[in-house]
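User: I should like to go through the terms used for this structure and the values behind them. Please set each value against its definition.

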Amino acid sequence: MARFGVEAIRYFSHARAAHVSTAGDLTYTFNRSNGLDNKLRGAGHTRAFYWANTDVWETDIRDSDQGGDDRHWVDDVDLFWIETHGNHDEAGHAVLLYDTPATEWLANSAHWQLGEDWNNEWVMAYSCDTAALPTVTGLWNIFARMHIYCGAWDLMWDGITTDECGEDVGDNLVHGDTVAHAWHDGVSDWWVDNHPITVCVGDAATWNDGAIRWNLSAINRDHLWGHGTVTADLAPAQQACLLWYWTEG
Amino acid sequence: MSDHTLLHKLAGACADARIPGQADILLLQMPTQEQLHARARRFVALLTEHGDCPHANDGAWQQRDDHTVIHLPDGARAMVYHASGALRYVSGLGPTDASFEHDAERAVLQRLVEERARKLTLSDWAGPNGELRFERLFRTLGQGADPGGKTSPTTLFRALGAWRQYTGGIPVLGAASVALRLTGDGRLDALSVRMRPANGEVLDRAAIIEPQAGARQIVAQLATLLGQKEVPGDLVESATLQFGYLDLGKRKSQRVLAPGYVAQIVLRHKTGRQACVLAVRATERAYLDLPVYGSGIVAGHGRTEIARCERAIR
């Protein structure tokens with residue numbers, strides 16, 4: 001079975017007061033994060049941590065070799081779910097906003113390295129714009145044996161019609177859907193366009209000189225532990241391609 | 001754009017819509033377990049009859065917290081949600097199985113999903129005074145790159161059509177009423193039907209408030225989220241407002257369909273964008289509870305240094 005961690009930020013009053021951002025509070029953050037938490041725990045998976053608001057720190061996902069503490073948090077769980085405001089920089093690195101500077105207000109994925117010697121397979125970020133299509137390869141550095149990054153290539157909506165997304169992703173995972181399918185289907189209400197994207201690395205056999213063998217990819221084969229197959233970790237030296245799979249309306 | 005012009009933009013978005021002066025408040029069925037099971041059987045039988053799901057003698061039924069799952073052969077499953085009667089079918093295919101051989105124009109894909117919806121007579125689920133209108137096409141695609149920057153061609157994997165239920169000419173807003181997803185070889189990969197069965201009775205006939213009044217409430221909600229008295233004009237990237245009945249979601253019981261205004265607003269901050277869906281009722285009287293700001297956190301303890309130490313010791 002899997003160990004998972006949840007981090008969710010609904011209020012951004014401190015970031016606004018510090019003039020870091022004008023970002024507004026979110027509304028249904030905890031409906032989604034509580035929903036995922038309930039579904040996974042209900043199926044026997046273990047919650048390692050659940051931090052909210054100012055208890056969510058950017059160091060939790062920053063690599064331990066780069067001043068962070070991921071080895072005790074994000075890289076110590078199989079699945080990590082985060083909800084906050086998101087963006088990306090020009091190089092395609094994901095950027096996340098926090099409501100406390102512990103130690104930075106903004107996380108930048110240039111400093112993430114997940115699955116390294118530790119544990120993480122999947123990161124799910126319910127946030128806007130963290131994996132823009134034109135610069136998606138800017139995420140490559142985060143894959144140090146991690147399998148799939150699930151995010152959004154454009155807007156991700158917060159509101160009354162997306163409040164069940166966490167429960168939907170959780171249900172999909174424990175019903176044996178692939179992680180990629182669980183994300184794409186779970187975060188979509190098929191009214192607003194939530195722009196889901198899943199990004200993974202593949203080996204040379206999968207890349208196949210550009211004629212991609214998608215059936216070998218983590219996108220097609222990874223399931224939550226206990227609910228189906230999981231591909232083997234790919235160390236950076238074995239990575240021959242970055243693959244991305246997205247839904248557009 | 002100032003607070004004032006956001007208000008006018010939202011209200012103006014409804015200018016071309018024919019908003020009635022009054023609308024019926026429609027009573028909905030609160031389905032019993034027997035009705036839910038009958039609905040699920042009808043759903044699976046329909047798909048089986050058209051060869052869209054593997055044949056099973058009733059499948060294996062499993063009751064979960066808020067839904068019942070019917071496990072079908074080949075990893076397929078159907079689900080019925082207890083609170084709403086919403087239905088869902090999933091084929092069990094991998095996300096990249098059975099891709100399209102060639103990219104196809106959106107019009108071609110729309111025709112494919114519409115033909116399948118007709119064949120499955122999905123509009124029958126909309127009830128006697130209801131209809132289904134096509135709303136949007138979604139596509140799922142894939143691509144890759146090697147470390148040298150060589151990119152692969154784009155592969156089209158799935159086409160999904162989304163429809164909206166209209167009842168008495170008024171749209172039922174919320175998640176798509178029907179969503180049907182096809183593989184490249186024409187197989188049904190997923191289908192959801194979220195149309196609550198009406199009980200055929202009208203609870204009341206209510207006067208509809210002006211869009212301007214609905215927009216004013218939405219702007220006030222948004223200002224609260226921003227921690228401001230007014231919405232700074234330069235933050236607003238786009239804003240729309242729709243009038244319709246509101247469905248609260250498949251896991252929620254709902255006694256009536258009552259009219260509301262639903263806004264979709266995109267804000268652009270210097271650290272990123274924010275996309276909000278905000279809903280208010282369109283009647284003076286409240287027929288439906290609209291939880292404006294969602295639930296609170298369930299995990300109660302704070303993150304103290306002690307908690308961090310405990311975690312590290314473990």
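User: Which residues of α3(A) are buried, and what makes a residue buried?

Analyst: The buried residues of α3(A) are A:C165, A:G166, A:E167, A:D168, A:V169, A:G170, A:D171, A:N172, A:L173 and A:V174. A residue counts as buried if 20 or more other C-beta atoms lie within 10 Å of its own, as exposed if 12 or fewer do, and as partly exposed in between, with C-beta atoms placed from the backbone. This is a predicted model, in which local features need pLDDT of at least 70 and side-chain atom pairs count only at pLDDT 80 or more, while totals for chains, interfaces and linings use all residues. Residues are numbered from 1 along each chain as its sequence is written, and chains are lettered from A and ligands numbered from 1 in the order in which they are written.

User: Why is helix α3 of chain A called largely enclosed?

Analyst: Helix α3 (residues 165-174) of chain A has 10 of its 10 residues buried, so the helix is largely enclosed by the rest of the structure. The buried residues pack against α2 (29-42), β7 (122-126) and α4 (179-186) of chain A. Just after α3(A), A:G176 has a positive phi of about 95 degrees.

User: What makes α4(A) mostly covered?

Analyst: In α4(A), 8 of its 8 residues are buried. They are A:V179, A:A180, A:H181, A:A182, A:W183, A:H184, A:D185 and A:G186.

User: How many helices and strands does chain A have, and why is chain A called as compact as a globular protein of its length?

Analyst: Chain A has 6 helices and 11 strands; helices (H or I, at least four residues) and strands (E, at least two) are DSSP runs, numbered from the N terminus. The radius of gyration of chain A is 17 Å and the globule rule gives 18 Å for 249 residues; the two are close, so chain A is as compact as a globular protein of that length. The radius is taken over C-alpha atoms, and the rule is 2.2 Å times the number of residues to the power 0.38. The C-alpha atoms of chain A fill a box of roughly 50 × 35 × 35 Å along the principal axes, and 71% of the 249 residues count as buried.

User: How do you know which strands are the edges of the sheet β4-β5-β6 in chain A?

Analyst: Two strands pair if DSSP finds at least two bridges between them. The 3 strands form an open sheet with antiparallel pairing, and β4 (86-88) and β6 (106-108) of chain A are edge strands in that each pairs on one side only. Strand β5 (residues 94-97) of chain A meets the definition with β6(A) through 3 bridges, and A:L97 stands opposite A:L106.

User: What makes β1 and β13 of chain B a pair?

Analyst: Strand β1 (residues 22-28) of chain B is joined to β13(B) by 2 bridges in the antiparallel sense, and the definition asks for at least two. B:L26 stands opposite B:L257 in β13(B). Both strands belong to an open, antiparallel sheet in the order β11-β1-β13 of chain B, with β11 (198-207) and β13 (256-257) as its edges.

User: How do you know that chain B touches chain A, and how many residues are in contact?

Analyst: Two residues are in contact if their C-beta atoms, placed from the backbone, lie within 7 Å. By this criterion, 58 residues of chain B are in contact with 68 residues of chain A. The largest share of chain B's side, 9 residues, comes from β6(B). That side divides into 27 nonpolar, 19 polar and 12 charged residues; Ala, Val, Leu, Ile, Met, Phe, Trp, Tyr, Cys and Pro count as nonpolar, Asp, Glu, Lys and Arg as charged, and the others, Gly among them, as polar. Strand β9 (residues 157-159) of chain A also pairs with β15(B) in the parallel sense over 3 bridges, with A:G159 opposite B:V277.

User: Where do the two domains of chain B lie in the sequence, and how many residues are in contact between them?

Analyst: Domain 1 covers 3-26 + 204-281 and domain 2 covers 29-144 + 151-201 of chain B; the bounds come from an automatic or database domain assignment. Their centres, taken over C-alpha atoms, are 28 Å apart. Under the contact criterion, 19 residues of domain 1 meet 17 residues of domain 2 of chain B. On the domain 1 side, the largest share, 4 residues, comes from β12(B).
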